[in-house]
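Trainee: Could we go through this structure together? I would like to ask about it piece by piece.
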Amino acid sequence: MKKFDVCIVGAGLGGLQCARLLGRKGVRVLLVDRKRSLSESVHTTGIFVRRTLEDFDLPEDCLGPPVRRVVLYSPQRRALKLESPLDEFRVGRMAELYQRFLDEAIEAGVEWWPATRYMGLETESDSSSIIHLETNGLTRSVEARFVVGADGAQSRVARDLGLDSNREWIVGVEDVFHHPPEEAVEPVFHCFLDSKLAPGYIAWVVQDGTETHVGVGGYAKDFDAAAALEKFRRSLNGMIDLEALKRTERRGGRIPVGGVLRRIATKRGLLVGDAAGAVSPLTAGGLDPCMRLSSLAADVITELLSTGDEATLARYSGEGFRSRFVSRLWMRRAISVVRQPLILEAFCAVMRLPLFKHLAWHVFFGRGSFPDVEESGTAELSPRKALT
């Protein structure tokens, strides 16, 4: 049976970020994902906010052109235009970014098992677990001192570790179109408040000059996502021309919006990304929280493996992070309840007033995506500490 320091289940952004950082720190890591290729079934629109772009070294060739303009539409399509002097958003070319992060992880010594399903885990001793996996119909098991659940909003790892699970989410679906070079458009982020099309969330069109993403999101019990997307696309006729564009991809998935879960770590493992609920309850933006929480996780895991001090896990407290999201959680509750078009129309009218327009500007362009986390950046795993 092969032995590792850490087994990471899920090779989305959170799992990849955690894996490559741990690999660089000398941790022996196994990274598994059920997909054969990371270009399969990308779920996220991939919008990176300015705070992430400033704080993390993302590869330039995996990012689209910068977006500085946002247009917010009321249910009757009255527009509120917002513009920043800074580059506020960039749409990641997520398949390329995932592959780049995977290449860096492998270069750092991470072992990669694609087309591998997580089947469960059991306790081997007080200091390790047996993780059962299935690859191409064959079951195999590995031993690891620590397990990371990066397996999405409905995490099986969370269940097996006895950690909290997401109970509130929205469902999103979008189409991705590519622009011919001669038909590039000015980058802009269109947001549509329409409770009939997108109950509890928004519909959106993100154009960065080379790609256009058209999507809807909302509470699954209240709408048919695919039908809503088709209706939304038809409603854009005369406003945004999609007919000349080539649709290259359809994306979709669940997005947790209940805030960071309270229990996201135990002495045997922890959760990152959507599995930890690391998504803004208000905007449903998850890439910045994902990068920050995964980076902290790598630091905490390295220190725990190096020192054996379980008190280190106190730094990875979901309860502590959650307290920073109280106002956004209340706003999420309000959004889930207030569905009447007239109320939303009145809300948008208020947002167009100078004083409240500044508030809208702050929601879209502020730097409050996720609480700052402290990373020592100094812990490294001594070879004598690693499993052999």
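Trainee: Which residues is Arg352 in contact with, leaving aside its neighbours within four places in sequence?
Mentor: Arg352 is in contact with Ser74, Arg78, Ala79 and Leu80, where contact means heavy atoms within 4.5 Å. This is a predicted model, in which local features need pLDDT of at least 70, side-chain atom pairs count only at pLDDT 80 or more, and totals for chains, interfaces and linings use all residues. Residues are numbered from 1 along each chain as its sequence is written, and side-chain values use heavy atoms, with hydrogens and water left out.

Trainee: Where is Arg352 found?
Mentor: Arg352 is in the loop between helix 9 (341-351) and helix 10 (354-365). Helices (H or I, at least four residues) and strands (E, at least two) are DSSP runs, numbered from the N terminus. With Leu72, Arg352 forms a pair 280 residues apart in sequence and 9.7 Å apart in space, C-alpha to C-alpha.

Trainee: And is Arg352 buried or exposed?
Mentor: Neither: Arg352 is partly exposed, because its relative accessible area is 28%. Buried means under 20% relative accessible area, exposed over 50%, and partly exposed in between (1.4 Å probe, protein chains only).

Trainee: What about the chain as a whole: how many helices and strands are there?
Mentor: The protein chain has ten helices and 17 strands. Of its 388 residues, 54% are buried. Among contacts between residues at least 6 apart in sequence, 72% join residues at least 24 apart.

Trainee: Which residues touch the most other members of the largest nonpolar core?
Mentor: Val6 and Ile8 do, in a core of 71 residues. Helix 6 (residues 287-307) gives the largest share of this core, eleven residues. A nonpolar core is a set of buried Ala, Val, Leu, Ile, Met, Phe, Trp, Tyr and Cys residues joined through side-chain atoms within 4.5 Å. Apart from the largest core lies another, of 24 residues, including Val70, Cys191, Val206 and Met351.

Trainee: Which residues is Val6 in contact with, beyond its neighbours within four places in sequence?
Mentor: The contacts of Val6 are Leu22, Val27, Arg28, Val29, Leu30, Ala144, Phe146, Val148, Ile301 and Leu305.

Trainee: On to aromatic rings. How many aromatic pairs does the count come to?
Mentor: The count comes to five. Rings of Phe, Tyr and Trp (its six-membered ring) pair if their centres lie within 6.5 Å; planes under 30 degrees apart count as stacked, over 60 as edge-to-face and the rest as tilted. Phe4 and Trp113 are edge-to-face because their ring centres are 6.5 Å apart and their planes are at 90 degrees. This pair links distant parts of the chain, with Phe4 in strand 1 (residues 2-9) and Trp113 in strand 7 (residues 111-113), 109 residues apart.

Trainee: Are Phe4 and Trp113 buried or exposed?
Mentor: Phe4 counts as buried, at 1% relative accessibility, and Trp113 counts as buried at 7%.

Trainee: What kind of pair do Tyr73 and Phe192 form?
Mentor: Tyr73 and Phe192 are stacked, at 4.4 Å centre to centre and 10 degrees between the planes. Tyr73 lies in strand 4 (residues 69-73) and Phe192 in strand 12 (residues 188-192), 119 residues apart. Tyr73 is buried, with a relative accessible area of 8%, and Phe192 is buried at 1%. Ring pairs link Tyr73, Phe192 and Phe232 into a cluster.

Trainee: Changing topic: what lines the second largest pocket?
Mentor: The lining consists of Asp126, Ser127, Ser128, Arg145, Phe146, Lys267, Arg268, Leu304, Leu305, Gly308 and Glu310. Strand 10 (138-149) and helix 6 each supply at least two of these residues. On a 1 Å grid over the protein atoms alone, a pocket is an open set of points where a 1.4 Å probe fits, with protein on both sides within 12 Å along at least five of seven lines; lining residues have an atom within 4 Å of a point.

Trainee: How much space lies in the second largest pocket?
Mentor: About 230 Å³, the volume being the space filled by probe spheres set on the grid points, which are joined across faces, edges and corners.

Trainee: Last topic: what is the phi of Ser41?
Mentor: Ser41 has a positive phi of about 50 degrees although it is not a glycine. Ser41 lies in the loop between strand 2 (29-32) and strand 3 (47-49), and is partly exposed at 47% relative accessible area.
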